[in-house]
Amino acid sequence: MSGFDSQLKELYLNKPECVINLPTWLLTPQRIEAYRALPRLAIVEVAGRDAVAAAVKSVEEDGFTDLLPVYGYTGTEHGPWSSVEEATARLTERLPQVRVHGLLAMGSPGFWHALNGRFINELISRYGFHSPCIGCHLYLHCIRIPLALTLGNAPIISGEREKHNDTVKVNQTCIVLNTYQDLAEEFGIRLLLPLRGVEEGDRIEDILGFEWREGEGQLGCVLSRNYQRLDASLRIPELRVQRYLEEFAVPCAREIIKSYASGRISNHVEVAARILAL
């Protein structure tokens with residue numbers, strides 16, 4: 001393992017505040033300038049097979065010549081770091097005509113905590129439900145926005161889908177995906193969801209061009225399926241989700257992104273508490 005790979009793995013294990021002012025071993029000023037000069041560069045959200053398939057489809061549809069894979073950590077995932085590296089390797093092998101640049105990792109435990117952890121009781125009392133999955137995916141898209149701005153408004157590719165065969169995920173419904181895209185657009189960033197209308201899991205393997213079973217070869221989450229009832233159904237009224245997004249999650253994320261974009265790191269919990277008190 002190279003020195004860079006060892007440092008990247010250590011970043012994943014320690015999960016420090018790392019959204020702006022990235023350490024130079026991770027991203028040098030020279031590399032930033034080189035990325036800014038690439039006219040067809042896109043950031044790829046590295047996760048599992050859907051993320052890789054989304055990158056493949058985006059290259060086909062938008063003609064990207066350069067892809068920058070970026071893993072975002074949350075503190076709730078578990079599993080071997082090697083699965084992230086292997087996903088990047090699969091992407092590289094699948095797209096030999098595209099330059100897949102070196103993997104980056106970033107995240108903010110404080111940001112995640114403010115959106116999804118600190119105020120659970122208050123959010124349940126106010127909105128009648130709580131699932132960290134909505135805020136978690138919002139967080140994952142948001143932490144890449146400052147990087148996208150730094151790189152000249154590079155688009156971000158994500159593997160979000162509205163349906164997964166017969167399963168509906170609370171963090172990937174129509175209203176939620178629209179919210180993710182709309183917030184990115186506020187900052188001049190395109191959040192591309194090329195798999196949004198792909199329902200069948202088999203179709204993902206068709207796009208990939210090789211076998212990769214759903215849920216395999218990727219990190220897991222200790223909060224997986226927290227929003228499902230015992231019968232696996234989803235019974236959270238959409239109006240409650242909309243209120244949660246409009247009144248709390250989006251204003252909180254928006255203010256934190258603005259701080260990052262101006263070069264400052266917010267006190268994330270104070271931001272969230274102030275918005276809840278409005």
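Select isoleucine 189 to begin: this residue lies in the loop between helix H9 (174-186) and strand S7 (191-192). Helices (H or I, at least four residues) and strands (E, at least two) are DSSP runs, numbered from the N terminus. The model is a predicted one, in which local features need pLDDT of at least 70 and side-chain atom pairs count only at pLDDT 80 or more, while totals for chains, interfaces and linings use all residues. Residues are numbered from 1 along each chain as its sequence is written, and side-chain values use heavy atoms, with hydrogens and water left out.

Is isoleucine 189 buried or exposed? Isoleucine 189 counts as buried, at 0% relative accessibility. Buried means under 20% relative accessible area, exposed means over 50%, and partly exposed is in between (1.4 Å probe, protein chains only). Now show what surrounds isoleucine 189. Not counting residues up to four places away in sequence, isoleucine 189 touches Ile145, Ala148, Leu149, Asn153, Ala154, Ile156 and Ala184; contact means heavy atoms within 4.5 Å. For a distance across the model, pick arginine 126 as well: the C-alpha atoms of isoleucine 189 and arginine 126 are separated by 31 Å, and the two residues are 63 residues apart along the chain.

**Two loop residues with positive phi**

From the contacts of isoleucine 189, select Asn153. Asparagine 153 sits in the loop between helix H8 (145-150) and strand S6 (156-157). Its relative accessible area is 39%, so asparagine 153 is partly exposed. Check the backbone here: phi of asparagine 153 is near 65°, a positive value in a residue other than glycine. Most residues other than glycine have a negative phi.

Go next to arginine 225, in the loop between strand S8 (220-221) and helix H11 (238-261). Arginine 225 also has a positive phi, of about 60°, although it is not a glycine. With a relative accessible area of 59%, arginine 225 is exposed.

**Strands S1, S2 and S5**

Select strand S1 (residues 41-45), where leucine 41 is found. Leucine 41 is buried, with a relative accessible area of 4%. Leaving aside neighbours within four places in sequence, leucine 41 is in contact with Tyr35, Phe64, Asp66, Leu67, Leu68, His101, Leu151, Ala154 and Pro155. Adding threonine 150 gives another pair to compare: leucine 41 and threonine 150 are 109 residues apart in sequence and 12 Å apart in space, C-alpha to C-alpha.

Keep S1 selected and look at its two sides. In a regular strand the side chains alternate between the two faces of the sheet. Which residues of S1 are on each face? Leu41, Ile43 and Glu45 are on one side and Ala42 and Val44 on the other, and all are buried.

Add strand S2 (residues 66-73) to the view. S1 and S2 run parallel and are joined by 5 bridges; two strands pair if DSSP finds at least two bridges between them. At one of these places, glutamate 45 stands opposite valine 70 in S2.

Then add strand S5 (residues 104-107). S2 and S5 pair in the parallel sense over 4 bridges, and the bridge partner of tyrosine 71 in S5 is alanine 105. Both faces of S5 are covered, with Leu104 and Met106 buried on one side and Ala105 and Gly107 buried on the other.

**Helix H3 and two helices that cross it**

Select helix H3 (residues 49-62) and helix H10 (residues 201-208), whose axes come within 9 Å and cross at roughly 55°. That angle makes H3 oblique to H10. Angles under 35 degrees count as roughly parallel, over 145 as roughly antiparallel, 65 to 115 as roughly perpendicular and the rest as oblique. Axes are lines fitted to C-alpha atoms, for helices over the stretch in contact, and angles run from 0 to 180 degrees between N-to-C directions. To see the contact, show Arg49, Asp50, Val52, Ala53, Val56 and Lys57 in H3, which meet Gly201, Ile204, Glu205, Ile207 and Leu208 in H10.

Swap H10 for helix H4 (residues 82-94): the axes of H3 and H4 come within 10 Å and cross at roughly 25°. H3 is therefore roughly parallel to H4. Val52, Ala55, Val56 and Glu60 of H3 make the contact with Ala87, Leu91 and Arg94 of H4.

**Helix H7**

Finish at helix H7 (residues 132-142), where 10 of the 11 residues are buried. Among them are Pro132, Cys133, Cys136, Tyr139 and Cys142.
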